[in-house]
Amino acid sequence: MVRGRMAAVMCGAVLLGLALLLALTLNCSRAKDVVAVARPPVRFFSSKVPVVDLFQGQQDQAERLREGADVCVLVYYAPWCAHSISAREQVQQVALRMAVEVQFIAVNCWWNQGKCRKQKNFFQYPVIHLFYRRFGPIEYKGPLVAEYLESFIRRVSTPLTYLPTRTALNTFLSHHEGVVGFFEFNSSPQPPGYITFLTSALHALRRDSQGAVRFGVVTNREVAEGISVREDESVYLHRRFNTSLVFSRAERNFTAEEICNWVYENRERVIHWIQPMGAKSYSLEAELHKGPALLTFLPHNPLTASHHLLSEVVDIALRYHSCCVSEPQLEGGVSAPHSGCCQSLLLPSWRSANANRNTSVCDLCVNRFALGSTSSPAPLRSHCSAMELEAVLDSYLRNAVVPAPPTCTNVHNAYSPFSHYSACCRTLPADVRTPAWAEPHCPPVMDSVSGLHCRTNKTLRFYLLDSHLSWPLAERLGALSNRSTDTFTTIVNLRDETHYVLENARKDSLERFILNFSAPYSPLHRHLVGHRELHPPQSLIQEVTTGSFMDTVMDPERDVLLFYYTRWCGFCTVLNHVLLQLARLFQGNSALTVARVNVGLNDLPWEFMVDHLPSFLFFPKHRKQMSVKFPDSAPVTVPNLLRFILRHTGHAPSDQGAGPKSLLEAELRALQGEVLSLQQARERLSQQLAALWRENRRLALHARALTSHNAELHSQNAELQAQSGRLETLYREKSRQLADAVNRLQELTNASEELLTENSLLKVLLTMLKDRERENEGEREEGERKKGMEEAS
């Protein structure tokens with residue numbers, strides 16, 4: 001029994017295995033029938049450029065080539081990717097210029113049989129990695145333009161700038177956000193911290209592909225003393241407004257990551273370069289949420305000299321942030337790090353005689369230092385709150401008598417929670433652009449942007465954009481598309497949903513532009529973006545744009561029903577036929593205008609905007625300020641809209657007997673006239689229809705006669721076709737007989753020619769026979785004559 005069961009189990013297992021094998025075989029055979037084999041990869045880059053194209057995804061070969069080069073550019077691409085195709089030409093241009101210095105390698109990371117596809121997981125293409133000797137990868141995240149890519153490669157190739165003289169050092173610090181390392185190359189060929197400093201520069205390039213922070217190296221002690229650096233292997237961070245810093249090895253580890261983090265934590269950013277990638281980017285939006293922004297579009301080439309507008313904007317930005325604030329000094333005359341906070345506050349109780357025209361302001365600076373210690377500063381906290389600043393202001397006002405002229409004071413109280421604070425109170429005129437005076441330790445500033453960063457709550461952030469890459473954004477903000485210089489300047493305040501456009505970007509006009517924006521009551525006018533393409537005139541519905549809005553909607557002689565819509569609004573599209581029917585009802589009425597505005601393409605003043613779409617607003621004539629919105633709860637139908645218009649329409653109070661009733665009567669009379677004209681048109685149409693019926697009847701009879709005539713013609717045509725067939729047959733027969741006769745004639749001709757030839761021969765023979773007979777007869781006669789003579793003899 002047991003053996004029988006084991007045999008049955010084994011047989012079942014064998015049968016199951018055979019069934020599975022058969023199913024797999026069928027599936028595999030079916031897959032081979034429906035799945036196409038991938039095409040073998042081909043070379044992506046041109047063979048004429050110095051780029052090693054590993055189009056089969058040989059990642060191991062790419063690693064070997066990379067290890068043998070000092071600087072290597074590794075491009076991972078997908079042959080089908082449009083971005084890879086567009087970047088190919090840019091990479092080839094850079095490779096042709098830098099092939100002697102840099103190794104260029106391209107790897108097809110999409111080929112499914114290559115090692116790159118198996119080892120790398122990229123979510124987009126192309127991906128460009130740079131390697132400086134054994135450091136890397138440094139991913140390039142800038143625009144895929146040859147000039148930007150070459151500039152970044154050159155910065156990676158030379159991450160440190162050698163500064164041999166004080167002139168070179170001053171030039172370097174005045175043009176860049178500079179980090180300077182001091183290393184003496186006397187004791188050894190290479191100081192221990194030099195490689196760490198070099199690696200920190202590469203870390204900075206990895207963090208910021210634009211390379212805003214530049215790293216320089218000084219090897220001469222006399223040059224280093226120009227920035228008050230005397231200790232070997234020191235790292236100095238230059239700052240224009242706050243105190244410059246020296247990396248403290250006592251507080252941080254001297255590593256490349258720590259140096260890079262320290263630099264980016266304490267750096268000062270005055271000008272921000274923004275390079276939005278693609279048509280949609282969140283990089284600019286994130287910056288605009290930080291506050292008002294001055295956007296300057298200019299043509300930029302990182303390999304050539306900077307644009308003249310760039311130097312002007314940088315100069316204005318530096319003066320704008322130069323607040324001229326004194327800072328505590330440490331032992332040896334070195335400035336201490338700025339650990340306080342400053343803020344301008346309106347005085348709650350100080351009122352001058354001309355308070356209606358002037359404003360009293362105190363600038364408070366709380367410096368959080370335990371000044372009792374002279375060895376090192378001990379900051380209490382890194383930030384101070386508004387409550388603390390107000391407490392300082394109250395303490396200052398209680399202990400100081402504020403006279404009419406401006407006053408400044410410094411307070412150091414050991415019993416106060418604030419170790420040291422300073423306050424400067426002054427009176428500003430209504431026009432903040434022309435302050436009457438400045439702090440005693442700062443030079444007087446008259447109608448200038450110098451220090452405006454600390455004198456206004458409308459703090460501006462300065463941004464630069466390449467017009468070659470971001471000009472569609474400039475056009476959307478109001479730039480002219482036919483501008484030859486490709487420069488454009490605007491201030492965008494995202495919180496207030498406003499932006500202002502500078503017409504002429506010169507240095508003096510740019511300063512006035514910033515000052516006017518910073519004024520308490522800015523004289524700048526909000527720029528409204530409108531659709532420049534004018535729609536063709538419409539007889540029923542008038543299309544309104546930003547430029548024609550005030551003239552059309554605010555016309556005091558006409559009532560206006562305005563429809564707010566956009567192209568992406570589906571409900572707005574549904575309501576178009578309702579608006580069209582309503583416009584037809586008021587067609588020819590000179591007192592009412594039915595209009596619409598596309599708010600997606602045209603900016604309107606705030607007081608004329610709506611909170612949702614679609615919306616209807618009615619503007620009565622002579623009282624445009626009393627505009628009425630169609631209720632959201634009511635269905636949007638022609639009767640409801642008509643009732644809404646008649647309820648709120650009206651004329652000026654001076655008009656006698658005018659109002660909704662008169663308008664309704666006028667509309668009724670117009671409708672009665674239209675009905676009468678329709679009746680007359682109906683009678684004319686009936687007469688035309690009768691005439692057309694008679695003409696149709698005549699044409700039907702004529703068509704019937706033509707049909708019978710066509711039948712007769714058809715029968716005659718059939719007979720003619722039959723006769724034509726017989727004639728054609730007879731013609732073919734006669735043609736055949738004629739051909740036979742021609743053949744016989746030809747034969748007879750040939751025979752006659754032969755007979756003539758034979759006749760000629762016979763004549764010759766007869767002539768010869770006759771001549772022979774004559775000769776024979778002569779011979780016979782001669783013989784008979786001889787014979788007779790013989791007989792006679």
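# Briefing: helix H14 and its setting

Helix H14 has as its buried residues Ser509, Leu510, Glu511, Phe513, Ile514, Leu515, Asn516, Phe517 and Ser518. The model is a predicted one. The protein has 793 residues, of which 37% count as buried, and it holds 19 helices and 24 strands. The points below take up helix H14, the protein as a whole, aromatic pairs, salt bridges, and two individual sites.

**Helix H14**

- Helix H14 covers residues 507-518. Nine of its 12 residues are buried, so the rest of the structure largely encloses this helix.
- Among the elements that cover the buried residues of H14 are four strands and one helix: strand E12 (293-298), strand E17 (461-466), strand E18 (488-493), strand E19 (498-502) and helix H11 (308-321).
- The length of H14 agrees with expectation, because 12 residues at 1.5 Å a residue should span 16 Å and the end C-alpha atoms are 17 Å apart.

**The protein as a whole**

- Among contacts with a separation of 6 or more, 71% join residues that are 24 or more positions apart.
- The exposed area of the protein is about 47,900 Å², and 55% of it is supplied by carbon and sulfur atoms.

**Aromatic pairs**

- The whole structure contains 24 aromatic pairs.
- One of them joins Phe247 and Phe254; their ring centres are 5.9 Å apart and their planes lie at 70°, so this pair is edge-to-face. Both Phe247 and Phe254 are buried.
- Phe608 and Phe619 also form an aromatic pair, tilted in this case, with 6.1 Å from centre to centre and 55° between the planes. The pair ties together parts that are 11 residues apart in sequence, because Phe608 belongs to the loop between strand E22 (592-598) and strand E23 (615-619), whereas Phe619 belongs to strand E23. Phe608 is buried, as is Phe619.
- One aromatic cluster is made up of Phe563, Tyr565, Phe616, Phe618, Phe630 and Phe644.

**Salt bridges**

- Side chains of opposite charge can pair when their charged atoms come close. In this protein the count of salt bridges is 24.
- Arg252 and Glu258 form one of these salt bridges, with 2.9 Å between the closest N and O atoms. Arg252 counts as partly exposed because its relative accessibility is 23%. Glu258 is likewise partly exposed, its relative accessible area being 26%.
- Asp315 pairs with Arg319 in a salt bridge whose closest N and O atoms are 3.4 Å apart. Both residues lie in helix H11, where Asp315 and Arg319 are four residues apart, about one turn of the helix. An α-helix has 3.6 residues a turn, so residues three or four places apart point the same way. Asp315 has a relative accessible area of 27% and is therefore partly exposed. Helix H11 is also one of the elements that cover the buried residues of H14.
- Arg495 and Asp496 meet through their side chains in a salt bridge, at 3.7 Å from N to O. Arg495 is exposed, with 73% relative accessibility, whereas Asp496 is partly exposed, with a relative accessible area of 35%.
- A network of salt bridges links Arg97, Glu101, Glu150 and Arg154.

**Ser151 in helix H5**

- Ser151 is part of helix H5, which runs over residues 146-157. The relative accessibility of Ser151 is 8%, so this residue counts as buried.
- Apart from neighbours within four places in sequence, Ser151 is in contact with Pro302 and Leu303.

**Nonpolar patch around Val764**

- A nonpolar patch on the surface consists of Leu762, Val764, Leu765 and Met768, which together have about 380 Å² of accessible area.
- Val764 is located in helix H19, residues 660-792. With 46% relative accessibility, Val764 counts as partly exposed; this value is over 30%, the cut-off in relative accessible area for residues of a patch.

Terms used. Residues are numbered from 1 along each chain as its sequence is written. This is a predicted model: local features need pLDDT of at least 70, side-chain atom pairs count only at pLDDT 80 or more; totals for chains, interfaces and linings use all residues. Side-chain values use heavy atoms; hydrogens and water are left out. Patches are made of residues with over 30% relative accessible area and no salt bridge: like charges are joined within 9 Å, nonpolar side chains (Val, Leu, Ile, Met, Phe, Trp, Tyr) within 5 Å. Accessible areas come from the Shrake-Rupley method with a 1.4 Å probe; for residues, only the protein chains shown count as cover. A salt bridge is a side-chain nitrogen of Lys or Arg within 4 Å of a carboxyl oxygen of Asp or Glu. Helices (H or I, at least four residues) and strands (E, at least two) are DSSP runs, numbered from the N terminus. Buried means under 20% relative accessible area, exposed over 50%, partly exposed in between (1.4 Å probe, protein chains only). The expected span of a helix is 1.5 Å times one less than its number of residues. Contact means heavy atoms within 4.5 Å. Rings of Phe, Tyr and Trp (its six-membered ring) pair if their centres lie within 6.5 Å; planes under 30 degrees apart count as stacked, over 60 as edge-to-face and the rest as tilted.
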